[in-house]
Amino acid sequence: MATHYYYETIENLKIVSLDVKDVRFPTSLGLHGSDAMHRDPDFSCAYVTIRLASGTTGNGFTFTCGRGNEIVVAAIKSLSFLVVGATVVDIYKDFAAFSRSLTNETQLRWLGPEKGVTHLATAAILNALWDLWAKLLKKPVWRLLVDLPPEQLVSTIDFKYIKDVITKEEAIEILRKAQDKKEERIKKITADGYPAYTSQNGWIGYSKETLIELTEKYNDLGFNHFKIKVGLNLDDDIRRLKIVRNIIGWDKKLSIDANQVWDVEEAIPWVKKLAGFKLTWVEEPTSPDDILGHATISKELNPLGIGVASGEMCSNKVLFKEFLLTDAIQYVQVDPARLAGINEILAVYLMAHKKGVKVVPHGGALGLGEMIQHLQIWDYVSLSGTTEDRYVEYIDLQHEHFVNPVSVKNGRYEVPTTPGYSTTLKDDSILKYEYPVGTEWESMFSKGLFHDPRKAPSRRTSAIKL
Ligand SMILES: [Mg+2]
């Protein structure tokens, strides 16, 4: 290993436990996070703590909209037998093989494979292992990724099913090319920060007053790119886009996100009617699985200067491969809590790089910004070498629950300096928001704000009329 584990012996590097908690935040009360399809999300996570014999811990999570979080928790418990008892040195020596042991466990794979609940569970576990690795080396994850020699970084990736687009040897070659500029780029990104864009002003359930107030706020804070949710009503979309353009002017960028609400033949005329607002991209115009549909939409909208973005619900690297091979998207929005950890995310970045397509990861949910800042900084330093038309998404939700929250100044992410993947929740937040036993949940049940799931079932209506 080119790496050195401080203060640890091999015995201490054995994993002695994997704990998972169901943590939910009541965001539906303010319609924070609402879009055309997810009208009343309670931003939640299945939160994993992996503990070594030495006591060192790594944390990782996957995201859900609330209900069903307990199913992901159960899937993580089902996978934990592959983790507990292993020694992390062995895992990191052949991380690709270990990730494959999770994604293709011989019986559990029937529940996926490499998609849905079991893949979300895998994401939480692998994210915790990356956090742990970086903490053992006392580095932020972006720095761990940057410092690993190309051969070792590529050894973490499972190339199964993508070798027709990129091979291990090609990936190493691509990464080697960027090596000599690394130190210069680290200095630059540390001084300048990484450009952010915000979608915090544009949740679909927000009132006109809130839209105005938040657009003004983030405009004044120096953000240069905004994104609003669309797709329920064309007149509303026009009204809201007018409000935003009036505030931000015409030099700043503006994108829209339909969250899969349209059929292909609905998406094209709808977005064409909004083209006058000078849109950078339309995000998730249709089903996240409809690769050819995205290709059709791209063909119609690209001549108008509008890109197509997708990926937050793209299940795995094979689907991303198809999106790239068919020129179906111009912005790859890989999700750090959906794919099988950084291992699979690296595969997507490398394929996109080879095909000349930009990666703008998904950060519009609980704790995702904390993770994707590391990925984009690594991309700038070690892969693409540019931040042009690339961003880290920013929403202003729940950062206060993290031990090392993101820091955004003048519309740019500051480079994280603390060890790990920024994925550790505060103990106090877990005490308050573990579901359904946390003190805040008990209090909200007693006030009648939510139904206590330990009591008899009750039908709950959506916050917005369907
Ligand atoms: Mg989105």
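**Burial, pairing and domain contact in a predicted model**

Biologist: In which element is Leu 279 found?

Modeller: Leu 279 is found in strand 7. Strands here are DSSP runs of E of at least two residues, helices are runs of H or I of at least four, and both are numbered from the N terminus. This is a predicted model, in which local features need pLDDT of at least 70, side-chain atom pairs count only at pLDDT 80 or more, and totals for chains, interfaces and linings use all residues. Residues are numbered from 1 along each chain as its sequence is written.

Biologist: Why is Leu 279 called buried?

Modeller: A residue is buried if 20 or more other C-beta atoms, placed from the backbone, lie within 10 Å of its own, exposed if 12 or fewer do, and partly exposed in between. Leu 279 has 21 other C-beta atoms within 10 Å, so it is buried.

Biologist: Which residues does Leu 279 touch?

Modeller: Leaving aside residues up to four places away in sequence, Leu 279 touches Leu 254, Ser 255, Ile 256, Leu 274 and Ile 306. Two residues are in contact if their C-beta atoms, placed from the backbone, lie within 7 Å.

Biologist: What makes strand 7 and strand 8 a pair?

Modeller: Two strands pair if DSSP finds at least two bridges between them. Three bridges join strand 7 (residues 279-283) to strand 8, and the two run parallel; strand 7 and strand 8 therefore satisfy the definition. Glu 283 stands opposite Ala 309 in strand 8.

Biologist: How do you know that both faces of strand 8 are covered?

Modeller: In a regular strand the side chains alternate between the two faces of the sheet. In strand 8 (residues 307-310), Gly 307 and Ala 309 lie on one side and Val 308 and Ser 310 on the other, and all of them are buried.

Biologist: Why are strand 1 and strand 3 called edge strands?

Modeller: These strands belong to an open sheet of three strands with the order 1-2-3 and antiparallel pairing. Strand 1 and strand 3 each have a single partner strand, so one side of each is left without a neighbour in the sheet. From one strand to the next, the twist averages 15°.

Biologist: What makes strand 2 a partner of both strand 1 and strand 3?

Modeller: Nine bridges join strand 1 to strand 2 (residues 44-52), and eight join strand 2 to strand 3. Both counts satisfy the pairing rule. Asp 22 has Ala 46 in strand 2 as its bridge partner, while Thr 49 has Asn 59 in strand 3. Strand 1 (residues 15-24) is mostly covered, with seven of its ten residues buried.

Biologist: Which strands does helix 1 lie across?

Modeller: Helix 1 (residues 69-79) lies across strand 1, strand 2 and strand 3, and runs at about 175° to strand 1. Helix 4 also packs on the sheet, touching strand 2 and strand 3, with its direction at about 150° to that of strand 3. Angles run from 0 to 180 degrees between N-to-C directions, and axes are lines fitted to C-alpha atoms, for helices over the stretch in contact.

Biologist: How do you know that domain 1 and domain 2 touch, and how many residues are in contact?

Modeller: The chain is divided into domain 1 (11-165) and domain 2 (174-421), with bounds from an automatic or database domain assignment. Under the contact rule, 50 residues of domain 1 are in contact with 49 residues of domain 2. Among the elements that give two or more residues to the domain 1 side are strand 2, strand 3 (57-64) and helix 4 (116-136). Helix 4 provides the largest share of that side, ten residues.

Biologist: What makes the phi of Lys 138 and of Gln 260 notable?

Modeller: Most residues other than glycine have a negative phi, and most peptide bonds are trans. Lys 138 has a positive phi of about 55°, and Gln 260 has a phi near 80°. Lys 138 lies in the loop between helix 4 and helix 5, and Gln 260 in the loop between strand 6 (253-257) and helix 11 (264-274).

Biologist: Why is Lys 138 called partly exposed, and why is Gln 260 called buried?

Modeller: Lys 138 has 14 other C-beta atoms within 10 Å, so it falls between the two limits. Gln 260 has 22 and therefore meets the limit for burial.

Biologist: Where does Pro 113 lie?

Modeller: Pro 113 lies in the loop between helix 3 and helix 4. The peptide bond from Gly 112 to Pro 113 is cis, with omega near -15°.
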